[in-house]
2 protein chains.
Amino acid sequence: METDLRRVILDSTRHLLVRDGYMSLSMRKIARAIGYSATSIYLHFENKDALIHALIEEGMDQLLAALKDAEAEHPGDPVARLEAMCRRFVVFGLENREYYEIMFMLHPEFMERYPAEKYRRARRNLDVIAATLADGVAQGVFAVENVRVVASTIWSALHGAVSLLLARRVDIRIEQTAFIEAAIAQTLGGVLAPAAREAPETSPLL
Amino acid sequence: METDLRRVILDSTRHLLVRDGYMSLSMRKIARAIGYSATSIYLHFENKDALIHALIEEGMDQLLAALKDAEAEHPGDPVARLEAMCRRFVVFGLENREYYEIMFMLHPEFMERYPAEKYRRARRNLDVIAATLADGVAQGVFAVENVRVVASTIWSALHGAVSLLLARRVDIRIEQTAFIEAAIAQTLGGVLAPAAREAPETSPLL
DNA sequence: ATAATATACTTAACACTGTTAAGTAATACA
DNA sequence: TGTATTACTTAACAGTGTTAAGTATATTAT
């Protein structure tokens, strides 16, 4: 069946990404792995970009699910909810390197080919963060001017941490968990209202 | 002369990076641009990696110079100094896209080939931030546990902002300057001591 | 049952990539 | 003058994404 091979290609590509990384991923290599000729892939995906884009979409959906889990875990407490979301984001990035790299670390030129419609879908991840911020502002625990802007800066701060960890660009003398905890603490500290700013309780889950 | 062509190659490569981006950079393209054969480049650089690594080093030096400028601008005030450094970092990234991309946005697999000795040199940029943090802690304006860890998280937060801006991954409905100001404000807010936190936080105009 | 068509794949080829081996002028030095 | 060195060249290898054209097999129409 047509869709069967499509699924096989996606899974095989993901596995190759985990094992060998994006740079050494080639259409012929995927073909060899699935036991078909390279051109067969083009019957199921327009080109290499489209194949990667499909994987990016899968990753975005998984990330969204992780954030929604955090959302459901702390329905009444925006601070705990935001912290849980930050943690889920970092854990997702570190545990799904193959997804994270193509989702957020591919070169700008490559991403400019990413269809605008899928961009919009990816933005749902931001909306979940923004909603939590808005909730916290309403309860007076967050001091945030523009919820959408700050949701973006939170995302960008976490993305900086994850991408540097994945690229092994963090000073090796710094313990990974210490770095993560500091990054999350700093991110939360940047939005907490002065009143809600004592007891910086952290519960490491790595 | 030998070193002459080496310099020509570096400059030409940088220009090609600005114009066409990293993904479309090829040895043969550089060769065409300088009017020599592609193999000539291998007389001056071991391979493509080494060529890029040389450019990365140049970029690191320029970034260090920018941070040192900020340092010299505010000798007595750690808070103003840190803010100036954050700003310089972001401006450097946005104004030197060709450097920033190869310095911090190249794929992890590529950077694993970056010589450890050059890594250490690049770390000087972090030391400048850490020194400012230490100064601020001594003056009681920064609340920071581990200066080296927090210097890293500051860097990572700023890197997240710059890399997302360069990759055009920030929601287009958000103004760039608003995003940058929010990112810097959040970064500073994460390290300021509660006492020093009143004045700048109660007058947010962005 | 036979002919036409559609499906799902194949091979061959094009223009590119980084890189190496071998060859060639021109210069410097003995 | 003869040798060595320097600074470059061309040709080639093994790889890349992608397209055009070809081939069996299965489905459908007459």
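1. A good place to start is Ser40(A): one of its polar side-chain atoms sits 2.4 Å from a phosphate oxygen of DNA strand C. Ser37(A) also reaches a phosphate oxygen of that strand, at 2.5 Å. Both are polar contacts, meaning a pair of N or O atoms within 3.5 Å.

2. Before going on, please keep in mind that this is a predicted model, in which local features need pLDDT of at least 70, side-chain atom pairs count only at pLDDT 80 or more, and totals for chains, interfaces and linings use all residues. Residues are numbered from 1 along each chain as its sequence is written, chains are lettered from A and ligands numbered from 1 in the order in which they are written, and side-chain values use heavy atoms, leaving out hydrogens and water.

3. Around DNA strand C there are 17 residues, with Ser37(A), Ser40(A), Ser26(B), Arg28(B) and Thr39(B) coming nearest; a residue is near a strand if one of its heavy atoms lies within 4 Å of it. Sugar or phosphate accounts for 49% of the strand C atoms within 4 Å of the protein, and bases for the rest.

4. Arg28(A) deserves a look on both strands: a polar side-chain atom lies 3.3 Å from a base nitrogen of DNA strand C, and one lies 2.6 Å from a base nitrogen of DNA strand D.

5. Chain B also meets the bases of DNA strand D, with a polar side-chain atom of Arg28(B) 3.3 Å from a base nitrogen and one of Thr39(B) 3.1 Å from a base oxygen.

Notes:
Polar contact = N/O pair within 3.5 Å; in protein donor to acceptor, adjacent residues only side chain to side chain.
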